[in-house]
Amino acid sequence: MKLFEKQFKNLNKLYQGHKFDDAEKLALSLTEKCPKHPYPWKVLGVLQKEKGQFFDALYSMQQSVDLAPKDSQAHFNLGVTLKKLGRLDDAEASYAQAIICLLYTSPSPRDGLLSRMPSSA
């Protein structure tokens, strides 16, 4: 994955710089190149949610959670999307899992890039 680290940083820079169209294109590309990495799925899900593409966002955010089950932001983002889709019980469960992750896990140095990604609230 180190091969793509520069692209992950660029993705974060595009997102932080509000260049959402470019960020979405890069996130899509990265999900194809390295589908087992949670970060591009996480960014893609947030961008899709912001565009009102809730079913696409749900898929992307679920990928992020599946690949990084200890990532509290991923669970929170999934909860936000589930709430938008009217799946309140599932949203509540995702929010609860986000809290559990915050209480019982500590980020490792390799998760540093993930933790800099803003949540989708």
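## A bridge between H2 and the H3-H4 loop

Glu24 and Lys51 pair up in a salt bridge, with their closest N and O atoms 2.8 Å apart. Glu24 sits in helix H2 (residues 20-33), while Lys51 belongs to the loop between helix H3 (38-50) and H4, so this pair ties together parts that are 27 residues apart in sequence. Keep in mind that what you're looking at is a predicted model.

The two partners have their own levels of cover. Glu24 has 13% relative accessibility, so this residue counts as buried. Lys51 comes out at 48%, so that side of the pair counts as partly exposed.

## The overall picture

Let's step back to the whole chain. There are seven helices and zero strands, and reading along the sequence gives you α-α-α-α-α-α-α. Of the 121 residues in the chain, 43% are buried.

How far can you trust it? The chain's mean pLDDT is 88, with 86% of residues reaching 70 or more. Confidence is highest in helix H4 (residues 54-67), at a mean of 97, and lowest in helix H7 (residues 112-115), where the mean drops to 49.

## Helix H1, face by face

Helix H1 covers residues 5-16, which makes twelve residues. From its first C-alpha to its last it reaches 16 Å, close to the 16 Å expected at 1.5 Å a residue. Its buried residues are Phe8, Leu11, Asn12, Leu14 and Tyr15. Looking down the axis of H1, these buried residues fall within an arc of 160°, so they line one face of the helix. Over on the other side of H1, Lys6 and Lys13 are exposed.

H1 also carries a salt bridge of its own helix: the side chains of Glu5 and Lys9 meet at 3.6 Å, N to O. Why do these two sit about one helical turn apart? Because Glu5 and Lys9 are four residues apart in helix H1. As a general point, an α-helix has 3.6 residues a turn, so residues three or four places apart point the same way. Glu5 has 35% relative accessibility, so it counts as partly exposed. Lys9 is partly exposed too, with a relative accessible area of 46%.

## What comes after H1

H1 is followed by His18, a residue in the loop between H1 and H2. The backbone here is worth a look: His18 has a positive phi of about 60° although it is not a glycine. With 59% relative accessibility, His18 counts as exposed.

## More on the salt bridges

How many salt bridges does the structure hold? The count is five, and they include Glu24 with Lys51 and Glu5 with Lys9. Another one joins the side chains of Lys49 and Glu50, at 2.7 Å from N to O. Lys49 is buried, with a relative accessible area of just 8%. In general, side chains of opposite charge can pair when their charged atoms come close.

## Where H5 meets H6

Ser72 has its place in helix H5 (residues 72-84). Is Ser72 buried or exposed? At 15% relative accessibility, Ser72 counts as buried. Its C-alpha is separated from that of Ala98 by 4.2 Å, although the two residues are 26 apart along the chain.

Gln97 and Asp71 are also 26 residues apart along the chain, and their C-alpha atoms are separated by 9.4 Å. Gln97 lies in helix H6. At 30% relative accessibility, Gln97 counts as partly exposed.

## A nonpolar patch on the surface

Which residues form a nonpolar patch on the surface? They are Ile99, Ile100, Leu103 and Tyr104, and together they have about 470 Å² of accessible area. Leu103 has its place in helix H6 (residues 88-104). What is the burial state of Leu103, buried or exposed? The answer is exposed, because its relative accessibility is 61%, and the cut-off for that class is over 50%.

Technical notes
Residues numbered from 1 in each chain as written. Predicted model: local features only at pLDDT ≥ 70, side-chain atom pairs only at ≥ 80, totals over all residues. Heavy atoms only, no water. Expected span 1.5 Å × (residues − 1). Buried < 20%, exposed > 50% of the residue type's maximum accessible area, 1.4 Å probe, protein only. Arc of directions from axis to C-beta. Patch = residues over 30% accessible without salt bridge, like charges linked within 9 Å, V, L, I, M, F, W, Y side chains within 5 Å. Areas by Shrake-Rupley, 256 points an atom, 1.4 Å probe, with all protein chains shown as cover. Salt bridge = Lys/Arg side-chain N within 4 Å of Asp/Glu carboxyl O. pLDDT = per-residue confidence, 0-100.
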